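Work through the exercises below with the sequence and the coordinates at hand. Each task is followed by a solution in steps.

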Amino acid sequence: MKKTTFGGIISKILTYVALVVLAVSIIVPVAWVFMASLKRNSEFIGEGTNPWALPKEFFFQNFQVAFRDANMGSFLINSVIVTALALILLLIVALPASYALARFDFRGKKILDIAFMAGLFININYIVVPIFLMLSGANKALGVSFFLDNRLILAIVYVASALSFTIFLLSGYFKTLPKGFEEAAYIDGCGYFKTMTSIMIPMAKPSIITVILFNFLSFWNEYIIAYTLMSEHGTLAMGLKNLMAVEKTATNYGIMYAGLVIVMLPTLLLYIAVQKQLTEGMTLGGLKG
């Protein structure tokens, strides 16, 4: 039985203290926003008000006003459509690409690997203006308005921005899976496509869930690209920005925090739902099969 040294005890104590501080620094602001979203405006303004006090009553009208006055319902629907489209298109493209790069040798594979790796270092926010000019030019050349303020085009731009990271993560996971499963499938008469869809992709479920969660957070909270390419069909991040600008001027803080909760709640619920699978996907990808 190993003896725990004094240095080991100090190291564990410091680790736990750091984890507790990190947890508190994340939980407290989130809890405070939820609490503030249920307060009346009079509880923020005036003498003797305590910003850390609990709401005197649950004032859900803040959410009603946020949905009605700032049209947050329409922004929410647009965000759901764009995010869902982007995730579906991303998986349709990334899963076969990452599987092929991980499991097969073919001419040009190294070039594709280098290209996708290079894509990891490109921040799409830096090239959003050229993207806008390209789409605007396509509208003028074809005499249409299809390429701007279009939820499908925005979803495709999101897919392009996330493709390198997604393929990098999924191909790394596919490389860890034993070849015996594929060989058994080939013996049973399965082709390459059926082997991928019936055997390999289900085995990569933890990694796929990790990719979905990371990209959902990225697409759901994205603002710069949506603000540049969209106008009438704006996303929830755009609606929140408009709401905060209006309510901050009017000092309606409860409504402003209600808008923040509307944006945060789906991501929190999704994280809680897939927390176990997310942990598996982040750890198993580093194991060699």
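Leu-142 lies in helix α5, where helices are DSSP runs of H or I with at least four residues, numbered from the N terminus. The model is predicted, so local features need pLDDT of at least 70 and side-chain atom pairs count only at pLDDT 80 or more, while totals for chains, interfaces and linings use all residues. Residues are numbered from 1 along each chain as its sequence is written, and side-chain values use heavy atoms, with hydrogens and water left out.

**Exercise 1. Leu-142 and the nonpolar patch**

Task: Decide whether Leu-142 is buried or exposed, and state which residues make the nonpolar surface patch.

Solution.
Step 1. Buried means under 20% relative accessible area, exposed means over 50%, and partly exposed lies in between (1.4 Å probe, protein chains only). Leu-142 has a relative accessible area of 58%, so this residue is exposed.
Step 2. A patch takes residues with over 30% relative accessible area and no salt bridge; nonpolar side chains (Val, Leu, Ile, Met, Phe, Trp, Tyr) are joined within 5 Å, and like charges within 9 Å. Accessible areas come from the Shrake-Rupley method with a 1.4 Å probe, and for residues only the protein chains shown count as cover.
Step 3. Leu-142 joins Ile-77, Ile-81, Leu-85, Val-144, Phe-146, Leu-152 and Ile-156 in a nonpolar surface patch of about 660 Å². Two or more residues come from each of α3 and α6. Helix α3 gives the largest share, three residues.

**Exercise 2. The surroundings of Asn-78**

Task: Find which residues Asn-78 touches, leaving out those up to four places away in sequence.

Solution.
Step 1. Asn-78 is located in helix α3, which covers residues 72–103.
Step 2. The relative accessible area of Asn-78 is 6%, so the residue is buried.
Step 3. Contact means heavy atoms within 4.5 Å. With the sequence neighbours left out, Asn-78 touches Arg-151, Glu-232, His-233, Gly-234 and Thr-235.

**Exercise 3. Backbone at Asp-149**

Task: State what is notable in the phi of Asp-149 and where Asp-149 lies.

Solution.
Step 1. Asp-149 sits in the loop between α5 (128–142) and α6 (151–174).
Step 2. Its phi is near 55 degrees, a positive value in a residue other than glycine.
Step 3. Asp-149 counts as buried because its relative accessibility is 18%.

**Exercise 4. Salt bridges**

Task: How many salt bridges does a search of the whole structure find?

Solution.
Step 1. A salt bridge is a side-chain nitrogen of Lys or Arg within 4 Å of a carboxyl oxygen of Asp or Glu. Side chains of opposite charge can pair when their charged atoms come close.
Step 2. The search of the whole structure returns three.
Step 3. Arg-40 pairs with Glu-57, with the closest N and O atoms 2.8 Å apart. Both residues lie in the loop between α1 (6–36) and α2 (61–69), so the pair ties together parts that are 17 residues apart in sequence. Arg-40 is partly exposed at 35%, and Glu-57 is partly exposed at 40%.
Step 4. Glu-182 pairs with Arg-103, the closest N and O atoms being 2.6 Å apart. This pair links distant parts of the chain, with Glu-182 in helix α7 (residues 180–187) and Arg-103 in helix α3, 79 residues apart. Glu-182 is buried at 5% relative accessibility, and Arg-103 is buried at 8%.
Step 5. Asp-105 pairs with Lys-109 at 3.3 Å between the closest N and O atoms. Asp-105 is exposed at 72%, whereas Lys-109 is buried at 17%.

**Exercise 5. Packing of α9 and α12**

Task: At what angle do helix α9 and helix α12 pack, and which residues make the contact?

Solution.
Step 1. Axes are lines fitted to C-alpha atoms, for helices over the stretch in contact, and angles run from 0 to 180 degrees between N-to-C directions.
Step 2. Helix α9 (residues 205–221) packs against helix α12 (residues 253–273) at about 180 degrees, with axes 11 Å apart.
Step 3. Angles under 35 degrees count as roughly parallel, over 145 as roughly antiparallel, 65 to 115 as roughly perpendicular and the rest as oblique. Helices α9 and α12 are therefore roughly antiparallel to each other.
Step 4. From α9, the contact is made by Leu-213, Phe-216, Leu-217, Trp-220 and Asn-221. From α12, Val-263, Pro-266, Thr-267, Leu-270 and Tyr-271 take part.
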